[in-house]
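Hello,

Here is the structure I said I would pass on. Please look through it first, then read the notes underneath.

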Amino acid sequence: MKRIYLDNNATTQVRPEVLDAMLPFFREQFGNPSSVHWAGRAVAGAVEKGREQVAKLLNCSPAEVVFVSCGSEGDNFAIKGTVEALRDKGNHIITTKVEHPAVLNTCQALEKQGCRITYLGVDADGMIDLKELEAAITDQTILISVMWGNNETGTLFPIEEIGAIARKYKVRFHTDAVQAVGKVPVDVQKANVDLLVLSGHKIGAPKGVGAIYIRRGTKMTPLLHGGHQERNRRAGTHNVAGIVGLGVACDLAGAQLEECAAKMKRLRDKLEQGIREQVPEIKVNGHPTLRLPNTLNVSFAYIEGESLLLNLDMKGIAASSGSACTSGSLEPSHVMGAMCVDVLLAHSSTRFSLGPETTEEDIDFVLQELPAIIERLRQMSPLYNRQGKPLTCDECRVIRSV
Ligand SMILES: Cc1ncc(COP(=O)(O)O)c(C=O)c1O
């Protein structure tokens with residue numbers, strides 16, 4: 001059976017160059033980078049090389065890069081590390097309703113500890129209003145945490161403008177750039193960010209490694225206490241192989257960004273256009289233009305997203321309904337909720353996320369199989385009436401309220 005992977009926002013394949021670079025660090029280069037002897041010294045150099053590669057991609061100094069275990073740890077560190085460090089200054093954080101749970105659940109946990117959180121809403125395209133953001137800032141605001149690109153819809157937030165607002169009011173700015181890095185240019189100087197988080201497994205490096213950019217002079221309380229690794233900012237023996245892999249993945253992302261983004265966008269647009277032409281009553285979720293080049297989120301009226309995923313899977317096509325962290329829950333996605341997508345459409349929202357390996361044939365195959373699957377599922381749907389005539393939105397609402 002064909003295997004077509006269109007779930008790159010959940011995770012990506014480890015790139016062959018990344019794996020090749022990592023392998024020696026599972027074999028002969030086994031030392032602990034904190035050891036002073038030959039075995040440690042050889043490995044410490046590799047960790048520093050990885051740091052330089054991450055720094056080059058983000059346009060910062062290597063000393064501003066701290067390695068962590070994943071994007072979730074980076075987001076926790078950015079937010080909790082700021083709250084602890086700036087306790088004397090205030091306790092107010094501004095974020096959005098559409099952040100990844102790594103940010104939202106961290107904020108909710110902090111709310112229980114007395115922090116005040118403003119969750120900015122979004123419009124129907126998933127976009128925030130900068131005037132609302134600016135109006136939310138008070139003399140107690142210690143952090144603005146706004147993601148760069150949304151993992152479910154791909155909507156890109158105006159990070160540079162938010163950075164300028166944060167600068168104007170002297171408020172620290174954190175961005176979760178887990179989905180943006182490797183897909184759009186990410187430059188921490190241009191963006192005026194103080195804290196930025198990325199994750200290895202979203203950019204062709206393995207799971208278990210990530211990094212946080214911490215602008216020089218930004219006071220942070222560590223999340224993990226222990227040894228003196230990472231200049232006392234993150235205790236724990238380094239994941240050397242992971243860091244080496246992350247460094248190579250960042251090099252590749254930087255060198256291939258334009259070409260790769262253009263290819264993914266062309267194929268994503270072909271998929272979107274093909275679906276629009278062949279499948280009636282769909283809704284594309286997310287901003288029409290300000291969107292990650294690899295992401296397409298579509299709602300198919302009258303069907304359940306989960307049944308669509310299973311049917312696609314039977315044809316070897318991997319896609320996703322919402323983020324991997326929330327699938328398995330019957331609640332419609334919080335992102336769709338914030339965008340006020342009708343609850344039935346929200347239940348059918350399906351995310352196709354392309355990667356550097358996605359081919360024209362992959363997209364052709366999806367366009368060949370998907371319309372028939374949708375038609376079959378619609379024929380079985382109680383929301384689709386007997387004559388094959390779809391119910392109106394009002395009729396759907398009546399069914400829902402019964
Ligand atoms: C926007 C965003 N932030 C954070 C994370 C968490 O990253 P990790 O899986 O490395 O913990 C994800 C993962 O899907 C994500 O998409």
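**Confidence and domain contact**

Over residues 323-327 the pLDDT (the predictor's confidence in each residue, from 0 to 100) stays under 50. For this stretch the model has seven contacts (heavy atoms within 4.5 Å) beyond four places in sequence.

This is a predicted model, in which local features need pLDDT of at least 70, side-chain atom pairs count only at pLDDT 80 or more, and totals for chains, interfaces and linings use all residues. Residues are numbered from 1 along each chain as its sequence is written, and side-chain values use heavy atoms, with hydrogens and water left out.

The chain has a mean pLDDT of 94, and 93% of its residues reach 70 or more. Among its elements, helix α14 (residues 393-401) has the lowest mean, 54, and strand β6 (residues 172-176) has the highest, 99. Helices (H or I, at least four residues) and strands (E, at least two) are DSSP runs, numbered from the N terminus.

The domain assignment, which is automatic or from a database, gives domain 1 (4-9 + 257-401) and domain 2 (16-253). Their centres, taken over C-alpha atoms, are 30 Å apart. Domain 1 brings 26 residues to the contact and domain 2 brings 29.

About 2200 Å² is buried between domain 1 and domain 2, and carbon and sulfur atoms give 59% of that area. Buried area is the accessible area (1.4 Å probe) that two parts lose on being put together, summed over both. Across this interface the rule finds zero salt bridges (a side-chain nitrogen of Lys or Arg within 4 Å of a carboxyl oxygen of Asp or Glu).

On the side of domain 1 that touches domain 2, α9 (240-278), β10 (295-300) and α11 (334-338) each supply at least two residues. The most come from α11, with four residues.

Regards
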